[in-house]
Amino acid sequence: MNTLDKIAQALIALKSVEVGSLVKAALEENISAEEILNSGLIKGMNEIGAQFKIGKIYVPQVMLAARAMYTGLDILNPILSEQNVEPAGIVAIGTVKGDMHDIGKNLVAMMMEGAGIKIIDLGTNVTADKFIDAIKNDGAQIVAMSALLTTTMQEMKTNIEQITNAGLRDQVKVMVGGAPITQEYADEIGADGYTADAGSAAEMAKEFLK
Ligand code: B1M
């Protein structure tokens, strides 16, 4: 088994410390941070999601998996968000109201930071007024929203409506993403951009900020 498979397996086995050691070992083998993320950590997390879906594991185990994921991400973060350019612009990012999932959102933030963008991280369970405040008072040029639940994704539509009602819609680009989001949904709610993964989200944000 190669180191990337070992990382995925250690995450599935909920072994946080082992995930940390294996991520360090992979970096020493000169495997790129992106590959460790995609073919190790995210691969393992997808399996956790599949096991959770069929009732093979429960919320406490998923939380332990998230902790193992963060052990790995903490090591990769400085590499993924390494930047040596002037800030290209400002993005306010958050997971929408009612939704506590933050791993994907944090990855998008890290990749955007790596692309030289200043990030205002509003955290999870973010209401429309917080996004509006970030546009009005912190100069956010892009609002980036993440949702992982089919029950919370409609908050994105509400937030876009609230931003429009506040008279700010033409001042910002709105980007959406997260497992249940599709291009079709993004079009339906009037978002400016959707991407399926964090790397493409950073590329799109850079384009918008040009
Ligand atoms: Co939750 N959960 N969870 N969970 N959880 C899912 C999302 C679920 C699909 C699991 C399943 O059934 N298979 C399911 C949702 C079902 C649905 O709505 N259709 C689910 C459920 C049901 C729940 C609870 C309701 C469970 C319960 O309590 N009974 C509950 C809800 C809590 C709440 O939010 N109110 C809950 C809780 C949790 C934990 C707290 C235990 C934990 C979260 C820990 C944390 O985030 N700190 C958790 C986890 C870890 C998951 C799974 C297993 C993994 C999510 C994850 O981090 N993936 C997830 C199953 C799955 O997705 N396969 C699941 C890794 C991450 C890198 O991927 O976030 O998709 P993701 O981000 C991707 C892309 O989507 C994209 O970039 C990333 C990759 O590059 N992306 C963007 C994300 N945001 C973007 C924004 C962009 C662009 C791209 O532009 C702005």
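Me: In which helix is E47 found?

Reply: E47 lies in helix α3. The model is predicted.

Me: How do I read its exposure: is E47 buried, partly exposed or exposed?

Reply: Relative accessibility is read against two cut-offs, with buried under 20% and exposed over 50%. E47 has 33% relative accessibility, so it counts as partly exposed. Q9, which is placed in helix α1, is a second case: its relative accessibility is 42%, so Q9 is also partly exposed.

Me: How does separation along the chain compare with separation in space for E47 and L168?

Reply: The two are read side by side. E47 and L168 are 121 residues apart along the chain, and their C-alpha atoms are separated by 40 Å. For Q9 and V19, the sequence separation is 10 residues and the C-alpha to C-alpha distance is 8.8 Å.

Me: What order do the helices and strands follow along the sequence?

Reply: The chain has nine helices and five strands. Their order is α-α-α-α-β-α-β-α-β-α-β-α-β-α. The radius of gyration is 17 Å, close to the 17 Å from the globule rule for 210 residues, so the chain is as compact as a globular protein of that length. Along its principal axes, the C-alpha trace spans about 55 × 45 × 25 Å.

Me: What share of the chain is buried, and what share of the contacts join residues at least 24 apart?

Reply: Of the 210 residues, 45% are buried. For the contacts, the base is pairs at least 6 apart in sequence, and 73% of these join residues at least 24 apart.

Me: How do I read a single strand, and why is β1 described as largely enclosed?

Reply: Burial is checked residue by residue. In β1, residues 90–95, six of the six residues are buried, so the strand is largely enclosed by the rest of the structure. Both faces take part: I90, A92 and G94 point one way, V91, I93 and T95 point the other way, and all are buried.

Me: Which strands pair with β1, and in which sense?

Reply: Strand β2, residues 118–121, runs parallel to β1 and is joined to it by four bridges. A92 is placed opposite I120 of β2. Between these two strands the chain passes through helix α5, residues 103–114, and this β-α-β crossover is right-handed. Strand β3, residues 142–146, also pairs with β1 in the parallel sense, over five bridges. There, G94 is opposite M145.

Me: Which protein atom is the donor of the cobalt atom of the ligand?

Reply: Metal contacts are read donor by donor. For this cobalt atom, the only protein donor is NE2 of H101, at 2.2 Å. H101 is in the loop between β1 and α5, and α5 is the helix of the crossover from β1 to β2.

Me: How do I read the buried face of a helix, and which residues of α4 are buried?

Reply: An α-helix has 3.6 residues a turn, so residues three or four places apart point the same way. In α4, the buried residues are A65, A68, M69, G72, L73, L76 and L80. Among the elements covering them are α1 (3–12), α2 (16–28), α3 (33–53) and α5.

Me: Where does α4 bend?

Reply: Helix α4, residues 59–80, bends by about 35° at D74. A proline, P78, follows within four residues.

Definitions and conventions. Residues are numbered from 1 along each chain as its sequence is written. This is a predicted model: local features need pLDDT of at least 70, side-chain atom pairs count only at pLDDT 80 or more; totals for chains, interfaces and linings use all residues. Side-chain values use heavy atoms; hydrogens and water are left out. Buried means under 20% relative accessible area, exposed over 50%, partly exposed in between (1.4 Å probe, protein chains only). Two strands pair if DSSP finds at least two bridges between them. A crossover is right-handed if, with the strands pointing away from the viewer, the path from the first strand over the helix to the second runs clockwise. The bend at a residue is the angle between axes fitted to the seven residues ending there and the seven starting there. Contact means heavy atoms within 4.5 Å. Donors are N, O and S atoms within 2.8 Å of the metal (3.2 Å for Na, K and Ca); water is not among the atoms, so sites may look incomplete. The radius of gyration is taken over C-alpha atoms; the globule rule is 2.2 Å times the number of residues to the power 0.38.
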